[in-house]
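Please work through the exercises below with the sequence and the structure at hand. Each task is followed by a solution in steps.

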Amino acid sequence: MLRVPGIETPPVLFQWVHEGLEPFLVHPEVFGCLRAKDVSCEEFQLLVAALDGIYSQLSVEEQRNLYTGIKLFLTQDESSQNCHSEAIPALNSTAWFRNYLGSFLEHATVEDLQLFGDEATLQKFARDPVNMEMVGNLTLLRETALYYTFLLTSAPAFPLSSLPDEFICYLSPRAVRNLSKEETLGVAQRLGKSCPWSRGMAGGRAPSSLAWQELQVASALVRNLEDFTPEVLGALGQAVLGLSVSNIQDSIPEEHLEAALPSLGSIQGWNPEQSRAIVDKLLLSGYQILDGQSLAELGTLVGGLNSSTLQSLAPEVVLEAIQLPGFAQRLEPLPSAVKRTLVEKVSSRVGHPSELVKLIPSALASYIPKSLLVFGEEKPNVQDLNNKLWTREQAAMFFGDVVKAEPDFSRLSQSVLQGFTCAAASAVGAERFQELAKVMRKRKVRLGQDQLSCLLRMVTLHGIPKDLDSYPKDLLLFLSPSDYAAPGNCSQFFLNIGEANVDVLPREAPRRQRLLLEALECLQVPGTAINSAHAGVLGRLVCDLPGEYIRSSGENLLKDLSQCGSFLPEQEEAIRDVLSSGNTTFGRPAAWSVFTLRQLQGLIPVLDPRILQQIPQKALSTWLRNFAWDSPLSREELATIITQLLPRRHKREDGCPADKEITEAVLEDQLMPVYYTPEELRACLRNVSLENRLSQVLTYPFSNPQLAVLKDYLHERYPNGYPENLLSSLGALLPIITPEEISSWKMSSAETLAAFLRNQPQPSDSLASAAIRRYVELGNALNATALSAIGSRYVCLLNATELEAIHPPSLKLASLDPSACSQETKDLLYQKAKEAFSDQHHLPAYYELILPYLGGAPAADLKALSKSNVNMNITTFVTLRRDSLMRLTPPEVEGLLGVNLPELAQWQNRAPVRDWILLQKQSELDKLHLGLTGGTQEGYINIVTPKFPASSSAPLGAVAMAFQLLPALLLSFLIVSILS
């Protein structure tokens, strides 16, 4: 096998790998045969070198299988020295990683490396120049890179200045302790140049965060320093985030902070306590924000300004600051409440939408109230709009203006195109509309269900177009295979469906369920077993498969299921059955490694205690330390795993154990929950202040008993209610906080209410209602900031008194959707919204502004809207106020629905459309050409008893209806009298 002619050339080798070596690719254990064939280490080294030459041409799965086989050959005799011996000249090379693993080292875990040699041997391998050069060009697993760097730096007095840049990003906190000032600053500067975390981009996280390992390294560097001069603070770069609040308050003079502002204000990642401590110290020392320049100097520290200071800033100061390029570039990581306040300040001095769009930096654009983006007679600057990121609601405000002003739709950004509205699209003409729809496909624009429904209706107005593939793939969600292609080609239809955004349709939507059934029929799936090829065609529809399919399909679905994000209970149970069976390549949970957990990452939330208890604790803790924080797992899901690592029996302690003192280093460690039982945590917190660490500590995955200890700690510290600066950091504690406790809190501003309501996870309705009530009790107004915080999530909690107190202009600056609220709430908010937007009622965008409130609109206002080409979607139509809908005539309904009128037929047998039909003349319904039946025939009378809900805004509704029916009742009485 190793003597194939020409095997040393990549083309011959590549062919041999995929033909002669195919069993090795599929079954790595076959590598064990090479030892039986007396293949020597020298010969095996030649094979590895040859395979290394085609490494980049292999698929990841092929690379992994070959690596598994290589590892098997090297360790099959359970000896870590199979191909290394200092006593044998041919086997004593320390370039062992290069010789026997090559690029396949990318797939090695820490456990694997430890099989290849003891720590002393591995240190020699790691420090070999040939190995170091090779590793510098590889992408190792994170845990392996950290371990490799540990091997390099663990030698006594190892000079970090000699550590190659490729390894500097994987330094451990231990490696940077006890350095001199010069060494500390040298490492910090190298981190700034070489490491992505120092530029705020690690692991795909937002630019305002650091991973716990990075934060620990930064803190360890800072602890080496005693004198924080402006030069030192500047030289630390991003490592300055290692400063504790006590460092800021006690160790840095005010004048040093002010002198270092140019560098401190450019740092991304300050936590709330740090930025607040720096800003408070600056303001107390006399720093004044008198103009835009002095505000801009704060940079990313603006987030440390309290609400009263922010509100006191003159609009002209903010307007000047945001026009300074350096300041505009530092706004992204600021808290949303600060961003919203800055936008309010600017918009109060800028009257024209075009000017506002031009002036507001990109980082603030999504906070502009949508009512301020109505251009009216003003022509928008399309390029300015293209350069900003908008929400879908915002883009809908100016979409109509843009498609009129822009002759070339291909120049429109994805962000602008997502504002697609039926009314605007129907006005551009059929040919231009097709061009617009095709551009949306190229730009991969994500639309909502109602937008897609309208888009499809307009695309298929004259039948299914032959070039349907040129239009957005999400349209296929509303079609069937027979609409798409000739019979027999349905698999291509579902391949495209698999690439579409299936989540546009709710999981329980009949259309989505029908798609799955059609897909299974198309694929001719026998029984309930899905193979890998079927799964590839189904794509995201795999996430909808019932539990019986998951069980029958075994491992075939696991890879696709790991991308789903959430599951129904029966699906979770089926996944657990498959994983715990041991009949997968992962084996039984007791044999899982860190690498296994990485492969299963998307399914880890499904694991229950029964499975978690079987996983080796070392694998779990290593996975948590190195990978969990970049995973999509929530704090609660991680807490479930942490619970498995805690001792089963809690030993009672009279005091804090000597080795468990809570130090700064412990408070910076996200694995802190692993180190303490609830009893130990209670004992060790007694002499510790968490005030300046709370927002950070409460993101750690503490178990519920540990959280109860933290809550007791806060109650002891603040018996009269939590201070306002803590209310934004309570997220993890919310499930164990009661509404009664909130009644003692201070909520002196809308910003405080907003900070509380934006906790993650969000407060329950009972807690939110208590917080809103407390806020109002203290005499605070439900202004735009408060309403924005309340949002659609909590607006239905407002009572009539609170709703009446809302000042209509505040609704222009807030975004609410009361469609899920009581009719009384919808009626009250509609009247206030109508007043708020009254100056814009003559503009096309008025419909988009009033749309969320239409559930409270009286019939007269709906009749007026029917003349404005609004193209109301059917979802909105069927949720209109019932008594208002019943008063609409067929022509008025046609005017309201526009291009969406055909969808009325799908509702003719369901309320409220069925009840509306019964009140109409059949001759009028026939004019709609929808096939609606059930209306009043000429010469006949349908006597219907409508069920109208009581409405505070229309108390005469029932009386008026009675008068409408009076002629029919009298006629019936007359006929009965004559016949008798």
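The exercises that follow concern a predicted model.

**Exercise 1. Packing of two helices**

Task: Describe how helix H48 (residues 750–757) and helix H50 (residues 784–794) pack, and state which residues meet.

Solution.
Step 1. Two packed helices are described by the angle between their axes and by the distance between those axes.
Step 2. For H48 and H50 the angle is about 30°, and the axes are 7 Å apart. Angles under 35 degrees count as roughly parallel, so H48 is roughly parallel to H50.
Step 3. The crossing in which H48 passes H50 is left-handed.
Step 4. On the side of H48, the residues in contact are Ala750, Glu751, Leu753, Ala754 and Leu757. On the side of H50, they are Thr785, Ala786, Ala789, Ile790 and Tyr794.
Step 5. Sorted by character, the residues of this contact comprise eight nonpolar, one polar and one charged.

**Exercise 2. Salt bridges between distant parts of the chain**

Task: Determine which parts of the chain are linked by the salt bridge of arginine 98 with aspartate 52, and which by that of lysine 124 with glutamate 86.

Solution.
Step 1. Over the whole structure, a search finds 39 salt bridges.
Step 2. In the pair of arginine 98 and aspartate 52, the closest N and O atoms are 2.5 Å apart. A salt bridge requires a distance within 4 Å.
Step 3. Arginine 98 belongs to helix H6 (residues 96–100) and aspartate 52 to helix H4 (residues 41–53); the two residues are 46 residues apart, and their pair links distant parts of the chain.
Step 4. The relative accessible area of arginine 98 is 33%, and this residue is partly exposed. Aspartate 52, with 14%, is buried.
Step 5. Lysine 124 and glutamate 86 also form a salt bridge through their side chains, with 2.7 Å from N to O. Lysine 124 is in helix H8 (residues 119–127), whereas glutamate 86 is in the loop between helix H5 (60–75) and H6; the pair therefore ties together parts that are 38 residues apart in sequence.
Step 6. Lysine 124 is partly exposed at 43% relative accessible area, and glutamate 86 is exposed at 56%.

**Exercise 3. Neighbours in sequence, and a network**

Task: Classify arginine 914 and aspartate 915 as buried, partly exposed or exposed, and name the residues that shared salt-bridge partners join into one network.

Solution.
Step 1. The side chains of arginine 914 and aspartate 915 form a salt bridge of 3.5 Å, N to O.
Step 2. Buried means under 20% relative accessible area, and exposed means over 50%. Arginine 914, at 37%, is therefore partly exposed, while aspartate 915, at 17%, is buried.
Step 3. The network consists of Asp503, Arg507, Arg512, Arg540 and Asp544, joined by salt bridges that share partners.

**Exercise 4. An enclosed helix and a residue that touches it**

Task: How many residues of helix H13 (residues 212–222) are buried, and which residues does glutamine 696 touch?

Solution.
Step 1. Eleven of the eleven residues of H13 are buried, so this helix is largely enclosed by the rest of the structure. Among them are Trp212, Glu214, Leu215 and Val222.
Step 2. Glutamine 696 is located in helix H45 (residues 694–697) and is itself buried, with a relative accessible area of 12%.
Step 3. Leaving aside residues up to four places away in sequence, glutamine 696 touches Leu215, Asn271, Leu667 and Glu668. Of these contacts, Leu215 is one of the buried residues of H13.

**Exercise 5. Backbone geometry**

Task: Where do the prolines of two cis peptide bonds lie, and where do lysine 444 and histidine 929 lie?

Solution.
Step 1. Most residues other than glycine have a negative phi, and most peptide bonds are trans.
Step 2. The bond from glutamine 760 to proline 761 is cis, with omega near 0°. Proline 761 lies in the loop between H48 and helix H49 (765–777).
Step 3. Alanine 911 and proline 912 are likewise joined by a cis peptide bond, with omega about 0°. Proline 912 is in the loop between helix H58 (890–897) and helix H59 (913–918).
Step 4. Lysine 444 has a positive phi, near 55°. Its place is in the loop between helix H30 (430–442) and helix H31 (449–459), and at 66% relative accessibility lysine 444 is exposed.
Step 5. Histidine 929 has a positive phi of about 60°. This residue lies in the loop between helix H60 (922–926) and helix H61 (957–979); histidine 929 is exposed, with a relative accessible area of 70%.

How values were computed
Residues are numbered from 1 along each chain as its sequence is written. This is a predicted model: local features need pLDDT of at least 70, side-chain atom pairs count only at pLDDT 80 or more; totals for chains, interfaces and linings use all residues. Side-chain values use heavy atoms; hydrogens and water are left out. Axes are lines fitted to C-alpha atoms, for helices over the stretch in contact, and angles run from 0 to 180 degrees between N-to-C directions. Helices (H or I, at least four residues) and strands (E, at least two) are DSSP runs, numbered from the N terminus. Angles under 35 degrees count as roughly parallel, over 145 as roughly antiparallel, 65 to 115 as roughly perpendicular and the rest as oblique. A crossing is left-handed if the near helix is turned anticlockwise from the far one by less than a right angle, and right-handed if clockwise. Contact means heavy atoms within 4.5 Å. Ala, Val, Leu, Ile, Met, Phe, Trp, Tyr, Cys and Pro count as nonpolar, Asp, Glu, Lys and Arg as charged, and the others, Gly among them, as polar. Buried means under 20% relative accessible area, exposed over 50%, partly exposed in between (1.4 Å probe, protein chains only).
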